[in-house]
Amino acid sequence: MPTLSEIKKILSDCQQYHLLKFWDELNEKEQKLFLDQLDTIDFKEANDIFRRAQNSLEEDVKKLDNRMQPIPKEQFESEKTTNADTLEEYRTVGLEAIASNEVAVLLLAGGQGTRLGVSHPKGMYSVGLPSGKTLFQIQAERIRRVMSLAKQKTSRTGKICWYIMTSGPTNHTTKEFLKKNDYFGLNHEDVKLFQQGLFPCYDFDGKIFLDDKNAVALAPGGNGGIYRALELNGILEDMRKRGIKYVHVHSVDNILTKVADPVFIGYCIKKQADCGAKVVSKAGPTEAVGVVCQVDGKFQVVEYSEITEATANLRDKDGNLVFSAGNICNHFFHTDFLNKVAAEFEHELKLHVAKKKIPHVNEKGEKIKPDVANGIKVEKFVFDVFQFANKFVTWEVPRISEFSAMKNADSVGKDCPSTSRRDLLNLHRSYIEKAGGKVTCDEVEISPLLSYAGENLEIRVKGKLFDSKTIILSDEEILKN
């Protein structure tokens, strides 16, 4: 624990001494809390981050068109065009890895439900399915089901550790929610929460804001904070002790995510990839999603705003978009690569900077909520490590079965709870009809504990009509009820 004089010197050297402006107004407890927080911040690094952020703001945003190339064919495969035998080979390799305790899932769950209009973490959100299940429950039950499939395939009981990266605002609530729900049937020792890092919030001159008289204004540093957080929280060491080799990383807000997808994992293993990305074909040239491609020979995600309309509309001889690999925040990592990133490349990650309205305490000690942007927040993104991979691959999947984002409130009418609910129930309808059932109602749901991707359904649905609200349960759930 540093002394006040040591903190004063650090802040003075870093031109952030204004943070102590109200020190004498604080009581002893408030002073101790403030010192504790100040001790967690590397102010020299914080100043360096601001300088890098300022440079990125001042750079002219140059279009990347002339520097871009699509993903080479040898590093791209699609579920749609891969034959059934190869798909089954990939699936078997993935299930073998799961049965050998070599696979973990890392859920990016640091986001609050602000845009959804709720005050709790996104993972606790229920989109109004007949079962009422939340995103956390759906994803946990998919993990349980894929472990069951691995056992059926190999006769070995493997386990998947569920790592959940939270943030300061979501950590406690998430922890209590999972505990209250008994981790949705997962072994509590295999569910590990850890927090992503926070970055200071700056004014346009690089001065760090106070959130209160005894608290620095901090904000989550984006999902790219995963790499430092894995190291600082001992998660990489935990993975090493468990013998984990492969990690499936995905965002919390895609209700269709195939968690620990054995086909994707098996594909990446077969290709000896240290990093992989699932992609969907862009819905159209103007869809505002980042595309995975090469820039100057290195893989990265290019945002729609970084290319001209002409490049976005480029098509090949078959009429397909040249730059069509839409990023869906769904990634594979070898743990050797994660360790290498944490040790060698984390400090090189690109900074993404946004001008924001940042609430703060002014010079008079008054809490201000500005009407216009008054400073900047800095983030790092998980996909900015693609460039460091020795072997990077992409796996294209159908949007209809794997991607339905939930970013907005229902009032927006797009990428919202109602569209997520619709897309999941439509997918379940297709599974039932493929298995010989008939659905004439929009409220028929399949439990993840019964079926991971449409398997195991014939005995429950063949020859049956589903014309009213129904939840098709697993044997375990039927016994419980």
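Two strands count as paired if DSSP finds at least two bridges between them. In this predicted model, strand β3 (103–108) meets that condition with β4, since 5 bridges join the two strands, which run parallel. Within this pairing, Leu106 of β3 stands opposite Tyr163 in β4.

β3 also has a second partner. 6 bridges join β3 to strand β11 (residues 246–251), and these two strands likewise run parallel. The bridge partner of Leu106 in β11 is Val249. Leu106 can therefore be followed into both pairings, towards Tyr163 in β4 and towards Val249 in β11, with two bridges as the threshold for a pair.

How many of the residues of β3 are buried? The count is 6 of 6, so the strand is mostly covered, buried being under 20% relative accessible area. In a regular strand the side chains alternate between the two faces of the sheet. In β3, Val103, Val105 and Leu107 point one way, while Ala104, Leu106 and Leu108 point the other way; all are buried.

The link between β3 and β4 involves a helix. β3, α5 and β4 make a right-handed β-α-β unit, in which α5 spans residues 135–154 and β4 spans 161–166.

These elements lead on to the nonpolar interior. The largest nonpolar core has 46 residues, and those that touch the most other members are Ile98, Phe136, Ile143, Ile160, Trp162, Leu178 and Leu186. At least two residues each come from several elements, including α4 (84–99), β3, α5, β4 and α6 (171–180). Further along the chain, α9 (262–270), β15 (325–334) and β20 (392–396) each supply at least two residues as well. The largest share, 7 residues, comes from α5.

Leu186 gives a view of the packing in this core. Leaving aside its neighbours within four places in sequence, Leu186 is in contact with Ala140, Ile143, Arg144, Met147, Trp162 and Val191. Apart from this core lies another, of 39 residues, and among them are Leu106, Leu236, Cys275 and Val301.

Burial is also found in a helix. Asn47 is found in α3 (residues 43–58). Is Asn47 buried or exposed? Asn47 is buried, because its relative accessible area is 12%, below the 20% cut-off. Leaving aside neighbours within four places in sequence, Asn47 is in contact with Cys14 and Gln16.

Two loop residues have a backbone angle worth locating. Asp182 lies in the loop between α6 and β5 (191–195), and the phi of Asp182 is near 50°, a positive value in a residue other than glycine. Asp182 counts as exposed because its relative accessibility is 55%, and the limit is over 50%. Gln272 is found in the loop between α9 and β12 (275–281). Although Gln272 is not a glycine, this residue has a positive phi of about 55°. Its relative accessibility is 68%, so Gln272 counts as exposed.

The last stop is empty space. Rolling a probe the size of a water molecule over the atoms shows where empty space is left. The second largest pocket holds about 900 Å³ of space. Its lining has 30 residues, of which Phe76, Asp316, Asn320, Ser324 and Glu396 lie nearest the centre of the pocket. β2 (76–78) and β13 (291–295) each supply at least two residues of this lining, and β2 gives the most, with 3 residues.

Definitions and conventions
Residues numbered from 1 in each chain as written. Predicted model: local features only at pLDDT ≥ 70, side-chain atom pairs only at ≥ 80, totals over all residues. Heavy atoms only, no water. Core = buried A, V, L, I, M, F, W, Y, C linked by side-chain atoms within 4.5 Å. Buried < 20%, exposed > 50% of the residue type's maximum accessible area, 1.4 Å probe, protein only. Helix = DSSP H or I, 4+ residues; strand = E, 2+ residues; numbered from the N terminus. Contact = heavy atoms within 4.5 Å. Right-handed = clockwise from strand over helix to strand, strands pointing away. 1 Å grid on protein atoms, 1.4 Å probe; cavity = no way out; pocket = protein on both sides within 12 Å on 5 of 7 lines; lining within 4 Å. Points joined across faces, edges and corners; volume = space filled by probe spheres on them.
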